[in-house]
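Biologist: I'm new to this one, so could you walk me through it piece by piece? I'll ask, and you show me how you get there.

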Amino acid sequence: MEVNLLAKIQKGENSALKEAFHAYFEILYRQAVQRGFGPDVAERIIADAFLTLWEKREIGDASSLLQWLQQQVEASPINLSTEENEEQEAIQKGLQSLSEADRALLKGLIFEGKSMDGVANLLQV
């Protein structure tokens, strides 16, 4: 399976990249979290690894696609200080404690840059 996936990725087949992402995301996510990264940073590291794979379309000396992806996660240049990581975790916990409607409001206003009217329309209020 892995050899076929890599061959398809090297040919530029988007579906193979998507298949690899679904096959390996959980493994890579656990690895990133074990390194001490919060959920958002872990996801960003994994996204960067897959972007690098897509851009380079080669895995060098790695014996498998999974091994190469794990090396990318391990060697990620994202270095957050403990304080920054703790701050991010506190923000995540705070967001998780909000109701779904409040999270959608914050997401729309802060992260997506929508106006209050835009968010109200989205939430149908």
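Modeller: Let's settle one term before anything else: a residue is buried under 20% relative accessible area, exposed over 50%, and partly exposed in between. Keep in mind too that this is a predicted model.

Biologist: Good, then let me try that out: is Tyr29 buried or partly exposed?

Modeller: The relative accessible area of Tyr29 is 21%. The cut-off for buried is under 20%, and exposed starts over 50%. So Tyr29 is partly exposed.

Biologist: Stepping back, how many helices and strands does the chain have?

Modeller: Reading from the N terminus, the elements run α-α-α-α-α-α-α. There are zero strands, and the helices come to seven.

Biologist: And what share of the chain is buried?

Modeller: The chain has 125 residues. Counting the ones that are buried gives 30%.

Biologist: Which helix gives the most to the largest nonpolar core?

Modeller: That core has 25 residues, and those with the most contacts inside it include Ile9, Leu28 and Phe50. At least two residues each come from α1 (2-10), α2, α3 (39-56) and α4 (65-74). The top contributor, with eight residues, is α3.

Biologist: Let's look at Leu28. How far apart in space are Leu28 and Leu69?

Modeller: Leu28 is found in helix α2, and at 0% relative accessibility it counts as buried. Leaving aside neighbours within four places in sequence, Leu28 is in contact with Ile46, Phe50, Leu66, Leu69, Gln70 and Val73. Along the sequence, Leu28 and Leu69 are 41 residues apart, yet C-alpha to C-alpha the distance is 7.6 Å.

Biologist: How much of the contacts in the chain comes from residues 24 or more positions apart?

Modeller: Here we look at contacts with a separation of 6 or more. Of those, the share from residues 24 or more positions apart is 53%.

Biologist: Which helices do the buried residues of α4 pack against?

Modeller: Start with who they are: Leu65, Leu66, Trp68, Leu69 and Val73. Looking down the axis of α4, these buried residues fall within an arc of 160 degrees, so they line one face of the helix. They pack against α1, α2 and α3.

Biologist: Gln31 caught my eye. Which residue's side chain does Gln31 join in a polar contact?

Modeller: Gln31 lies in helix α2 (residues 14-34), and with a relative accessible area of 14% it is buried. Beyond residues up to four places away in sequence, Gln31 touches Gln70, Val73 and Glu74. The polar contact, at 3.3 Å, is with the side chain of Glu74.

Biologist: Now the rings. Is the pair of Phe21 and Phe25 stacked or tilted?

Modeller: The structure holds three aromatic pairs. For Phe21 and Phe25, the ring centres are 5.2 Å apart and the planes stand at 40 degrees. Stacked would need planes under 30 degrees apart and edge-to-face over 60, so this pair is tilted.

Biologist: Of those two, which one is buried?

Modeller: Phe21 has a relative accessible area of 31%, so it is partly exposed. At 17%, the buried one is Phe25.

Biologist: And what kind of pair do Phe25 and Tyr29 make?

Modeller: Both lie in helix α2, four residues apart, about one turn of the helix. Their ring centres are 5.6 Å apart and their planes are at 25 degrees, so the pair is stacked.

Biologist: Which residues do the ring pairs link into a cluster?

Modeller: We've already met Phe21 with Phe25, and Phe25 with Tyr29. Put together, the ring pairs link Phe21, Phe25, Tyr29 and Phe50.

Biologist: One more: which ring does the charged end of Arg57 sit over?

Modeller: Arg57 is found in the loop between α3 and α4, and at 27% relative accessibility it counts as partly exposed. Its phi is near 60 degrees, a positive value in a residue other than glycine. The charged end of Arg57 is 4.0 Å from the centre of the ring it sits over, which belongs to Trp54.

Note on methods
Residues are numbered from 1 along each chain as its sequence is written. This is a predicted model: local features need pLDDT of at least 70, side-chain atom pairs count only at pLDDT 80 or more; totals for chains, interfaces and linings use all residues. Side-chain values use heavy atoms; hydrogens and water are left out. Buried means under 20% relative accessible area, exposed over 50%, partly exposed in between (1.4 Å probe, protein chains only). A polar contact is a pair of N or O atoms within 3.5 Å; within protein, one must be able to donate a hydrogen and the other to accept it, and residues adjacent in sequence count only if both atoms are side-chain atoms. Contact means heavy atoms within 4.5 Å. A nonpolar core is a set of buried Ala, Val, Leu, Ile, Met, Phe, Trp, Tyr and Cys residues joined through side-chain atoms within 4.5 Å. The arc is that of the directions from the helix axis to the C-beta atoms. Rings of Phe, Tyr and Trp (its six-membered ring) pair if their centres lie within 6.5 Å; planes under 30 degrees apart count as stacked, over 60 as edge-to-face and the rest as tilted. A charge sits over a ring if NZ of Lys or CZ of Arg is within 6 Å of the ring centre and within 35 degrees of the ring normal.
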